[in-house]
Amino acid sequence: MTATTDRYVDTTLPAVAGVSPPHLIAFLVMTAALVAAPFFVYPVFLMKALCFALFACAFNLLIGYVGLLSFGHAVFLGSAGYGAAHSAKVWGFPPELAILFGTAAATALGAVIGALAIRSKGIYFANITLAFAQMVYFFSLQAAFTGGEDGIQSVPRGTLLGMLNLTDTLTLYFVVLAIFLIGFLLIFRAIHSPFGQVLKAIRENEPRAISLGYRAERYKLLAFVLSATFAGLAGATKALVFQLASLTDVHWTMSGEVVLMTLLGGLGTVFGPVVGAFIVVTLENYLAQLGAWVTVVQGVIFVVCVLTFRRGVMGELGNFLRKSL
Amino acid sequence: MTILGVPTQALFGQLLIGLINGAFYALLSLGLSVIFGLLNIINFTHGAQYMMGAFTAYFLLHWAGLGYWWSLLLAPIAVAITGVVLERTTLKRLYQLDHLYGLLLTFGFALIIQGLFRNQYGSSGLPYAMPAELAGGRNLGFMFLPNYRAWVIVFSLAVCLATWYVIERTRLGSYLRAATENPALVQAFGINVPRMITLTYGFGVGLAALAGVLAAPIYQVNPLMGADLIIVVFAVVVIGGLGSIMGSIVTGFGLGVVEGFTKVFYPEASNTVIFVIMAVVLLLRPAGLFGRAS
């Protein structure tokens with residue numbers, strides 16, 4: 001009896017507080033690389049990649065662990081950007097409050113859209129989130145405070161907690177890195193908590209999870225709101241970095257981009273979205289002068305990923321190393 | 001003469017525009033519904049295929065000298081053939097997987113097609129002349145009705161109803177509906193289901209291309225003409241109920257009209273009204289107005 005059950009027990013090195021050694025090593029490598037990176041690579045480019053990496057991690061929380069594909073996640077990125085930019089520029093909020101305010105706006109929007117969308121599944125869910133995103137896009141286009149086509153420009157970066165002057169690029173970089181790491185670790189914690197286990201149970205077999213007494217809708221809604229919140233955190237930070245909140249961040253093409261990053265990096269992997277975001281942002285950086293070819297390349301990546309590379313970079317790597325990354 | 005403080009001229013004008021948009025919504029959501037019914041995928045390439053229909057009409061005119069009427073016949077067939085190739089080579093490999101992969105694949109194709117056309121033809125539109133037979137219009141007393149617009153409404157309504165008839169009232173349609181319910185059983189009866197799936201996809205794509213040809217003289221031929229339209233059509237499909245044929249037709253025309261009237265009475269909301277209706281429908285009837293609860 002024990003001999004058969006033993007096969008299902010993880011016999012690799014003992015995990016510390018739910019963190020397995022491969023995760024820990026990968027995390028340390030990632031952090032070390034990101035701390036060293038601004039001394040070799042243009043920091044603004046890195047900050048852009050970090051914001052998108054957090055955005056993709058937030059998106060992955062939903063698709064990878066609940067199995068819900070939101071095709072309107074740009075809404076949370078964009079609305080938080082507007083919130084942070086408006087509060088910093090018009091109301092004179094310091095950066096920490098502006099980021100909090102922007103994130104809270106995304107959370108509130110996530111609660112409303114989530115409550116409506118969570119009742120549906122699969123393709124319907126993708127469709128409905130996309131439609132709501134388009135609605136918010138048109139609202140942003142017309143509302144006065146968003147500045148319409150111009151967006152909110154020259155947003156002040158300010159002084160964080162009255163101590164750190166964010167107009168200094170390197171200081172800003174390490175603040176952005178800290179925000180990214182906090183977000184990343186919180187998402188990691190959520191995935192590996194009992195809450196995350198219930199989410200996976202719902203993904204695998206919802207009726208069974210319900211029959212075990214879990215209120216699936218509540219868990220799904222909470223996951224949606226969490227995902228919206230972290231997407232918002234990424235958007236609010238991005239608005240301060242680029243001193244700009246614009247329509248690009250609410251448009252459906254942005255929702256498509258985050259899907260692309262996550263798919264390329266590896267759906268449902270911990271580090272995949274980060275890798276995917278860095279690849280896509282780098283690619284766009286090099287292809288920027290080629291205009292519409294960026295769209296073509298993105299489309300080709302989608303097609304190739306779906307047809308032959310469904311596990312993504314980190315999924316394939318994990319499969320090769322026989323470790324979950 | 002005014003109704004609720006709005007000149008009747010403006011009211012009927014917007015009603016007409018609403019019906020035209022409704023005709024496109026109906027044709028596009030009908031194609032999406034037919035495809036979804038059998039293939040269980042949301043065809044994100046639909047907007048790009050609508051655009052390809054308009055461009056094919058433009059190419060036929062400028063390269064082969066074939067006019068509007070030939071385009072109306074040939075462009076849908078040509079685009080349908082590209083759809084069939086797409087289904088045979090790529091989509092059919094995804095039927096065993098989660099349906100979301102179909103959505104992602106067709107989204108990728110939409111990006112590729114729209115990107116390629118934009119590289120070649122830019123973002124500004126190309127003009128496409130109205131057929132001479134339908135130029136001009138007639139005065140109905142209360143409004144001026146351009147002939148071409150009347151033709152678009154009548155013709156798309158006829159195509160929609162013919163599609164409905166074929167699917168709901170003929171033997172071929174009964175195979176199709178049966179295969180939607182249980183493809184394995186239908187295959188066991190000796191019907192070639194994979195071929196039927198391929199042809200259904202081709203037909204749905206052809207409908208999108210037909211809408212593109214009809215739209216070419218009204219809107220300009222533009223690489224991005226389908227990009228934003230398709231999202232509105234997704235909302236229309238959610239409101240009508242995914243997979244319902246009559247639902248697509250009725251909600252397509254109905255929402256076009258509602259949108260038209262919104263432009264008269266509260267222009268600020270005209271872009272968002274369909275999405276608001278979608279939210280309300282989702283609250284009251286999650287399966288859509290004409291959909292069956294799953």
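Two residues are taken to be in contact if their C-beta atoms, placed from the backbone, lie within 7 Å. By that criterion, Y25(B), L28(B), S29(B), L32(B) and S33(B) in helix α1(B) meet V233(B), V236(B), V237(B) and G240(B) in helix α9(B). By class, this contact has six nonpolar, three polar and no charged residues. The model is predicted.

Two packed helices are described by the angle between their axes and the distance between the axes. For α1(B), residues 8-39, and α9(B), the angle is about 70 degrees. Their axes lie 9 Å apart. Angles of 65 to 115 degrees count as roughly perpendicular, and α1(B) and α9(B) are therefore roughly perpendicular to each other. The crossing of α1(B) past α9(B) is right-handed.

Helix α9(B), residues 229-240, also packs on helix α10(B), residues 245-265. Here the angle is about 125 degrees, and the axes are again 9 Å apart. The two helices α9(B) and α10(B) are therefore oblique to each other. Their crossing is right-handed. On the α9(B) side, the residues in contact are V236(B), V237(B), I239(B) and G240(B). They meet G247(B), S248(B), T251(B), G252(B) and L255(B) in α10(B). By class, the contact of α9(B) with α10(B) has four nonpolar, five polar and no charged residues. V236(B), V237(B) and G240(B) of α9(B) thus appear in the contact with α1(B) and in the contact with α10(B).

These helices belong to a chain with eleven helices and four strands. The radius of gyration of chain B is 19 Å, close to the 19 Å that the globule rule gives for 294 residues, so chain B is as compact as a globular protein of that length. Along its principal axes, the C-alpha trace of chain B spans about 65 × 50 × 35 Å. Buried residues account for 51% of the 294 residues of chain B. Sequence separation was examined for contacts between residues at least 6 apart. In chain B, 75% of these join residues at least 24 apart.

Chain A has 14 helices and two strands. A compact globule of 325 residues would have a radius of gyration near 20 Å, and the 20 Å of chain A agrees with this. The C-alpha trace of chain A spans about 70 × 45 × 40 Å along its principal axes. Of the 325 residues in chain A, 50% are buried. Among contacts in chain A between residues at least 6 apart in sequence, 76% join residues at least 24 apart.

The two chains touch. In this interface, 34 residues of chain A are in contact with 33 residues of chain B. On the side of chain A, three helices each supply at least two residues: α6 (122-142), α11 (252-265) and α13 (293-308). The largest share comes from α6(A), with 14 residues. By class, the side of chain A that touches chain B has 23 nonpolar, ten polar and one charged residues.

Backbone torsions were also examined. Most residues other than glycine have a negative phi. Q243(A) is not a glycine, yet its phi is positive, near 55 degrees. Q243(A) lies in the loop between α10 (216-242) and α11 of chain A. It counts as partly exposed because 16 C-beta neighbours fall inside 10 Å, where 20 or more would make a residue buried and 12 or fewer exposed. N40(B) also has a positive phi, about 60 degrees, although it is not a glycine. N40(B) sits in the loop between α1 and α2 (46-63) of chain B. With 17 C-beta neighbours inside 10 Å, N40(B) counts as partly exposed.

The loop between α10 and α11 of chain A also holds T248(A). T248(A) has 14 C-beta neighbours inside 10 Å and so counts as partly exposed. Its C-alpha atom is separated by 9.3 Å from that of Y137(A). Along the chain, T248(A) and Y137(A) are 111 residues apart.

Methods:
Residues are numbered from 1 along each chain as its sequence is written. Chains are lettered from A and ligands numbered from 1 in the order in which they are written. This is a predicted model: local features need pLDDT of at least 70, side-chain atom pairs count only at pLDDT 80 or more; totals for chains, interfaces and linings use all residues. The radius of gyration is taken over C-alpha atoms; the globule rule is 2.2 Å times the number of residues to the power 0.38. Axes are lines fitted to C-alpha atoms, for helices over the stretch in contact, and angles run from 0 to 180 degrees between N-to-C directions. Angles under 35 degrees count as roughly parallel, over 145 as roughly antiparallel, 65 to 115 as roughly perpendicular and the rest as oblique. A crossing is left-handed if the near helix is turned anticlockwise from the far one by less than a right angle, and right-handed if clockwise. Ala, Val, Leu, Ile, Met, Phe, Trp, Tyr, Cys and Pro count as nonpolar, Asp, Glu, Lys and Arg as charged, and the others, Gly among them, as polar.
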